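The following text is a guided reading of one protein model, moving from the overall fold to individual residues. Please keep the sequence and the three-dimensional view at hand while reading.

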Amino acid sequence: MSILPHYGLKQYRNSARIYMKTVTESLKLFREENPDFKVPVFIFHKHDELEELDSAINFLSNFDILLAADWIEANMFDDTSTAAVKLVHQAIKNKIKEHKKFIFLATEDAITSKLGKWVLGQLHGLKDMEHIAIFPIRGDYSDYGGEEYLDKYPYIHEIEAEIYGVRYPNGDTKELGAWLSS
């Protein structure tokens with residue numbers, strides 16, 4: 001199994017832009033794109049990992065599909081009151097249900113966060129496993145600490161050089177572009 005390293009993911013951000021934009025500007029452009037005739041994908045990420053989110057969107061946009069990526073805005077996490085946390089939880093549940101595909105951008109920090117663990121616990125009742133994928137990103141030159149999730153959920157991995165797929169817990173694999181468009 002080949003998991004994309006953190007530095008490898010960030011190369012997609014750098015190579016996908018013809019001109020330099022900040023991460024915030026780049027994500028704003030994705031948000032403003034017309035979602036008609038695109039595959040709606042909700043990407044869960046740790047809210048302070050915007051560069052990783054931008055890189056993942058660029059990576060996923062390379063698979064011959066029109067991708068409409070959505071995520072929870074970082075400013076929703078500023079208020080940590082119980083009522084605000086409930087609103088964030090409900091917003092995440094709604095986005096998981098309303099989007100065709102769900103991708104969990106599983107960096108080391110995302111999988112160890114309370115919210116990340118909560119999201120993974122909610123998936124079974126909200127979305128068919130056929131439409132869920134963990135996108136594991138390992139730290140530079142390190143092992144991936146979320147291996148237990150790769151046994152429970154489909155995950156994105158490199159099948160061979162520059163060819164990516166979604167591997168299911170039963171061992172079956174589907175090419176990533178085909179999975180995104182199915």
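The paragraphs below treat the fold, the interior and then four single positions.

The model is a predicted one. The protein contains eight helices and eight strands. Its radius of gyration is 15 Å, close to the 16 Å that the globule rule gives for 182 residues, so the protein is as compact as a globular protein of that length. The C-alpha trace extends over about 45 × 40 × 35 Å along its principal axes. Among contacts with a separation of 6 or more, 69% join residues that are 24 or more positions apart.

The surface and its charges come next. The protein exposes about 9400 Å², and carbon and sulfur atoms supply 50% of that area. There are 21 positive and 29 negative charges, and the mean positions of the two sets lie 6 Å apart.

Turning to the interior, 46% of the 182 residues count as buried. The largest nonpolar core has 30 residues, of which Ile 43, Phe 59, Leu 60, Ile 103, Phe 135, Leu 176 and Leu 180 touch the most other members. Helix α3, residues 50–60, gives the most to this core, with five residues. A second, separate core holds 26 residues, including Leu 123, Ile 132, Tyr 149 and Leu 150.

Helix α3 itself is mostly covered, with nine of its 11 residues buried. Phe 59 and Leu 60 are among the buried residues of α3, and so are polar or charged ones such as Glu 52, Asp 54, Ser 55 and Asn 58. Ile 103 offers a view of the largest core from another position. Leaving aside residues up to four places away in sequence, Ile 103 touches Val 41, Phe 42, Ile 43, Phe 44, Leu 60, Ala 133, Phe 135, Ile 156, Trp 179 and Leu 180.

Two phenylalanines, both in loops, may now be examined in turn. Is Phe 37 buried or exposed? Phe 37 is located in the loop between α2 (23–32) and β2 (39–44). Because its relative accessibility is 81%, above the 50% limit, Phe 37 counts as exposed. Phe 37 and Leu 50 are 13 residues apart along the chain, and their C-alpha atoms are separated by 25 Å.

Phe 77 occupies the loop between β3 (67–70) and α4 (82–98). Its relative accessible area is 15%, which is under the 20% limit, and therefore Phe 77 is buried. Beyond residues up to four places away in sequence, Phe 77 touches His 47, Ile 72, Val 88 and Leu 115.

Ala 178 belongs to helix α8, residues 176–181. With a relative accessible area of 33%, which falls between the 20% and 50% limits, Ala 178 is partly exposed. From C-alpha to C-alpha, Ala 178 is 9.3 Å from Val 166, which is 12 residues apart from it in sequence. Phe 77, 101 residues apart from Ala 178 in sequence, is 34 Å from it in space by the corresponding C-alpha distance.

The last position concerns the backbone. Glu 162 is in the loop between β6 (155–160) and β7 (163–167). Its phi is near 65 degrees, a positive value in a residue other than glycine. Glu 162 also counts as exposed, because its relative accessibility of 61% is over the 50% limit.

Notes: Residues are numbered from 1 along each chain as its sequence is written. This is a predicted model: local features need pLDDT of at least 70, side-chain atom pairs count only at pLDDT 80 or more; totals for chains, interfaces and linings use all residues. Side-chain values use heavy atoms; hydrogens and water are left out. Helices (H or I, at least four residues) and strands (E, at least two) are DSSP runs, numbered from the N terminus. The radius of gyration is taken over C-alpha atoms; the globule rule is 2.2 Å times the number of residues to the power 0.38. Buried means under 20% relative accessible area, exposed over 50%, partly exposed in between (1.4 Å probe, protein chains only). Contact means heavy atoms within 4.5 Å. Accessible areas come from the Shrake-Rupley method with a 1.4 Å probe; for residues, only the protein chains shown count as cover. Lys and Arg count as positive and Asp and Glu as negative; His and the chain ends are not counted. The place of a charge is taken as NZ of Lys, CZ of Arg, CG of Asp or CD of Glu. A nonpolar core is a set of buried Ala, Val, Leu, Ile, Met, Phe, Trp, Tyr and Cys residues joined through side-chain atoms within 4.5 Å.
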